[in-house]
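I'm opening a fresh page for this chain. I'll jot down what I looked up, in the order I went.

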Amino acid sequence: MKLAPISRNAPAQILDGLTTAVISLDANLRVVSINSTAETVFGVSRRYAIGELVSQAILQLQPHASRLREAMR
């Protein structure tokens with residue numbers, strides 16, 4: 001049996017299928033990816049959020065910005 005190669009988009013498709021909100025950040029706390037559930041929960045479009053600081057893109061997370069920075073250290 002021959003297995004099909006995994007697409008580069010497979011991780012994003014898997015995350016989009018989750019009912020849990022998932023937001024990926026880079027070392028500077030900029031949004032790298034956001035799944036469909038997070039878009040719905042936080043009321044933000046991934047087109048708007050990707051590349052922005054998480055505290056600016058998702059206003060509900062502003063109070064947690066200092067904790068996120070500390071976690072990254």
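**Contacts along the chain.** I started with the contacts that have a separation of 6 or more, and found that residues 24 or more positions apart account for 22% of them. I'm working from a predicted model here.

**Confidence.** I checked how far to trust the model: the chain has a mean pLDDT of 88, and 86% of its residues reach 70 or more. Element by element, helix 2 comes out with the highest mean, 95, and helix 1 (residues 10-16) with the lowest, 75. A reminder to myself: where pLDDT is low, the predicted coordinates should not be read in detail.

**Layout.** I listed the secondary structure and got 5 helices and 2 strands. Going along the sequence, I wrote the pattern down as α-β-β-α-α-α-α. For the surface, I noted about 5,600 Å² accessible, with 55% of that belonging to carbon and sulfur atoms. The chain has 73 residues, and 22% of them count as buried.

**The hairpin.** Next I went to the two strands. Strand 1 (residues 23-25) and strand 2 run antiparallel, joined by 3 bridges. I found L25 standing opposite V31 in strand 2. The hairpin has 5 residues between its strands, and L29 caught my eye in that loop between strand 1 and strand 2. L29 isn't a glycine, yet its phi is positive, at about 65°. Is L29 buried or exposed? I looked it up: L29 has 9% relative accessibility, so it counts as buried.

**The core.** L29 turned up again when I pulled out the largest nonpolar core, which has 10 residues. The other members are V31, I34, A38, V44, A49, V54, A57, I58 and L61. Strand 2 and helix 4 (54-57) each put at least two residues into this core.

I then followed two core members outward. Skipping neighbours within four places in sequence, I58 is in contact with I23, I34, F42 and V44. L61 sits in the loop between helix 4 and helix 5 (65-72). With the same kind of neighbours skipped, L61 is in contact with I23, F42 and V54. I also took the C-alpha distance from L61 to F42 and got 9.3 Å, for a pair 19 residues apart along the chain.

**S55.** While in helix 4, I stopped at S55. Its relative accessibility is 18%, and the cut-off for buried is under 20%, so S55 counts as buried. Beyond four places in sequence, S55 touches Q62 and A65.

**N35.** My last stop was N35, in the loop between strand 2 (31-34) and helix 2 (36-42). How much of N35 is accessible? I found a relative accessible area of 3%, so I put N35 down as buried. Which residues does N35 touch, leaving out those up to four places away in sequence? The list reads L15, D16, L18, T20, A21, V22 and R46. I looked harder at T20: its backbone oxygen lies 2.8 Å from a polar atom of the N35 side chain.

**To recap.** I came away with two spots to revisit: buried N35 with T20 beside its side-chain polar atom, and L29, a non-glycine with positive phi that belongs to the largest nonpolar core.

Key: Residues numbered from 1 in each chain as written. Predicted model: local features only at pLDDT ≥ 70, side-chain atom pairs only at ≥ 80, totals over all residues. Heavy atoms only, no water. Helix = DSSP H or I, 4+ residues; strand = E, 2+ residues; numbered from the N terminus. Buried < 20%, exposed > 50% of the residue type's maximum accessible area, 1.4 Å probe, protein only. Polar contact = N/O pair within 3.5 Å; in protein donor to acceptor, adjacent residues only side chain to side chain. Contact = heavy atoms within 4.5 Å. Core = buried A, V, L, I, M, F, W, Y, C linked by side-chain atoms within 4.5 Å. pLDDT = per-residue confidence, 0-100. Pairing = 2+ DSSP bridges. Areas by Shrake-Rupley, 256 points an atom, 1.4 Å probe, with all protein chains shown as cover.
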